[in-house]
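Let's take a walk through a protein together. Keep the picture open and turn it around as you read.

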Amino acid sequence: MYNSTTITLEGYRNRIHDFSPDGEARHTVLALHGFGTTGGSFRHAAPYLSQNAVRLVAPDQLGFGGSDKPSGVYSLDLYTKLTLAAADRLALDRPYLLGHSAGGKVAAATVARYPDRFAGLILVNTGGFSILAPILLLADTPLFRIVDRPFFRRRILGQFGIAQTVESPEQWEAFRRIRGNNRALDIDAAGYREAVRSIKLPVLLIWGLKDRMLPRGTPKRVLRDLPQTKFVPIPGSGHTPMRDDPEGFSGHVIEFVSNQSG
């Protein structure tokens, strides 16, 4: 059963996608999407989760989809507050917090900040741990004027997998809107790294091995910071396992949440 609603959190309108089983849910997953997408990006996996009594709640994060798109306000501090506010407003009792791509660093920061409010952390081809993460900080500098030229984006930036996140005009506009806030969105620059390393909750890392956006060594960096992590690769998937292999992705999520409660 699917329902979409808009609620106000921290003064901003937030669209919420709610995929619930027909019967009673045994587990709840609050899922945070990546850059340039929406909570609807989890729709392919939702039926498999629902069939196994897992409720999936996925907001459109601030700046994307049907949520408000202000300028100059983006930070891990704000996103963590919004995530907790969503859980509180929707009366989600210690849900599992899942984050994909850029949503992964928000999920990690939220669990680090509010560890008692969540049952566990699920990271999916997560951002925030890559050796390339500091490159995003350059977007806050005058160098952005070069990057913002169509020729550079097409001929230079297009050579890198990360360019997939800004392929559409809507994605590029979101990138421009967030410009100037990348330090506040960086785990290290925002001062969250040590708190993330102190997370004691169970962690699942799902990784599509055909990811062309993030370096192959990124999972090792996650495991270094969060050694309690269970790592499950999905060989046939790229950067978005919940779309590329929704059944396999869902199976790993279901096994993880069931084992923690069982």
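What follows starts with the whole protein and then visits a few places in it.

First, a word of care: this is a predicted model. The protein has 10 helices and eight strands. Of its 262 residues, 55% are buried. If you take the contacts with a separation of 6 or more, 75% of them come from residues 24 or more positions apart. As for the outside, the protein exposes about 12200 Å², and carbon and sulfur atoms supply 51% of that.

Now find helix H2, which covers residues 76–89. How far apart should the ends of its 14 residues be, at 1.5 Å a residue? The expected span is 20 Å, and the end C-alpha atoms are indeed 20 Å apart, so the two agree. Is this helix mostly covered or mostly open? H2 is mostly covered, with 10 of its 14 residues buried. Among them are Leu 76, Tyr 79, Thr 80, Leu 82 and Ala 86. And what do the buried residues of H2 pack against? Their partners are strands S1 (2–9), S2 (12–19), S3 (27–32) and S5 (96–100), along with helix H3 (102–113). Just past the end of H2, look for Ala 91, which takes a positive phi of about 55°.

Since H3 is one of those partners, let's go there next. Ala 109 sits in helix H3. This residue counts as buried because its relative accessible area is 0%, and the cut-off for buried is under 20%. Which residues touch Ala 109, once its neighbours within four places in sequence are left aside? They are Leu 76, Thr 80, Tyr 192 and Val 196. Leu 76 and Thr 80 should ring a bell, as both are among the buried residues of H2. You can also look across from Ala 109 to Asp 186: they are 77 residues apart along the chain, yet their C-alpha atoms are separated by 10.0 Å.

H2 and H3 share a salt bridge as well. Arg 113 pairs with Asp 77, and their closest N and O atoms are 3.9 Å apart. Arg 113 lies in H3 and Asp 77 in H2, so this pair ties together parts that are 36 residues apart in sequence. Both ends are partly exposed, because Arg 113 has a relative accessible area of 34% and Asp 77 has 39%.

That bridge belongs to a total of 11 salt bridges. Another one joins the side chains of Arg 55 and Asp 18, at 2.6 Å from N to O. Here Arg 55 is in strand S4 (residues 54–59) and Asp 18 in strand S2, so parts 37 residues apart in sequence are tied together. Asp 18 is buried, with a relative accessible area of 12%.

For a bridge inside one helix, go to H7 (residues 193–197). Glu 194 and Arg 197 meet there in a salt bridge of 2.9 Å, N to O. Being three residues apart in H7, they are separated by about one helical turn. Glu 194 is exposed at 55%, while Arg 197 is partly exposed at 36%. These two also join a network of salt bridges that links Asp 188, Arg 193, Glu 194, Arg 197, Arg 224 and Asp 225.

Rings come next. A pair of aromatic rings is described by the distance of the centres and the angle of the planes. The whole structure holds four aromatic pairs. In one of them, Tyr 2 and Phe 19 have ring centres 4.9 Å apart and planes at 35°, so the pair is tilted. Tyr 2 is in strand S1 and Phe 19 in strand S2, 17 residues apart. Phe 19 is buried at 9%, whereas Tyr 2 is partly exposed at 42%. Tyr 96 and Phe 256 have centres 6.0 Å apart and planes at 70°, so their pair is edge-to-face. This pair links strand S5 with helix H10 (residues 246–261), across 160 residues. Tyr 96 is buried at 7%, and so is Phe 256 at 4%.

Let's finish on the surface. Ile 131, Leu 132, Ile 135 and Leu 138 make a nonpolar patch of about 380 Å². Ile 135 is in the loop between strand S6 (120–124) and helix H4 (144–147), and this residue is partly exposed at 49%.

Methods. Residues are numbered from 1 along each chain as its sequence is written. This is a predicted model: local features need pLDDT of at least 70, side-chain atom pairs count only at pLDDT 80 or more; totals for chains, interfaces and linings use all residues. Side-chain values use heavy atoms; hydrogens and water are left out. Patches are made of residues with over 30% relative accessible area and no salt bridge: like charges are joined within 9 Å, nonpolar side chains (Val, Leu, Ile, Met, Phe, Trp, Tyr) within 5 Å. Accessible areas come from the Shrake-Rupley method with a 1.4 Å probe; for residues, only the protein chains shown count as cover. A salt bridge is a side-chain nitrogen of Lys or Arg within 4 Å of a carboxyl oxygen of Asp or Glu. Helices (H or I, at least four residues) and strands (E, at least two) are DSSP runs, numbered from the N terminus. Buried means under 20% relative accessible area, exposed over 50%, partly exposed in between (1.4 Å probe, protein chains only). The expected span of a helix is 1.5 Å times one less than its number of residues. Contact means heavy atoms within 4.5 Å. Rings of Phe, Tyr and Trp (its six-membered ring) pair if their centres lie within 6.5 Å; planes under 30 degrees apart count as stacked, over 60 as edge-to-face and the rest as tilted.
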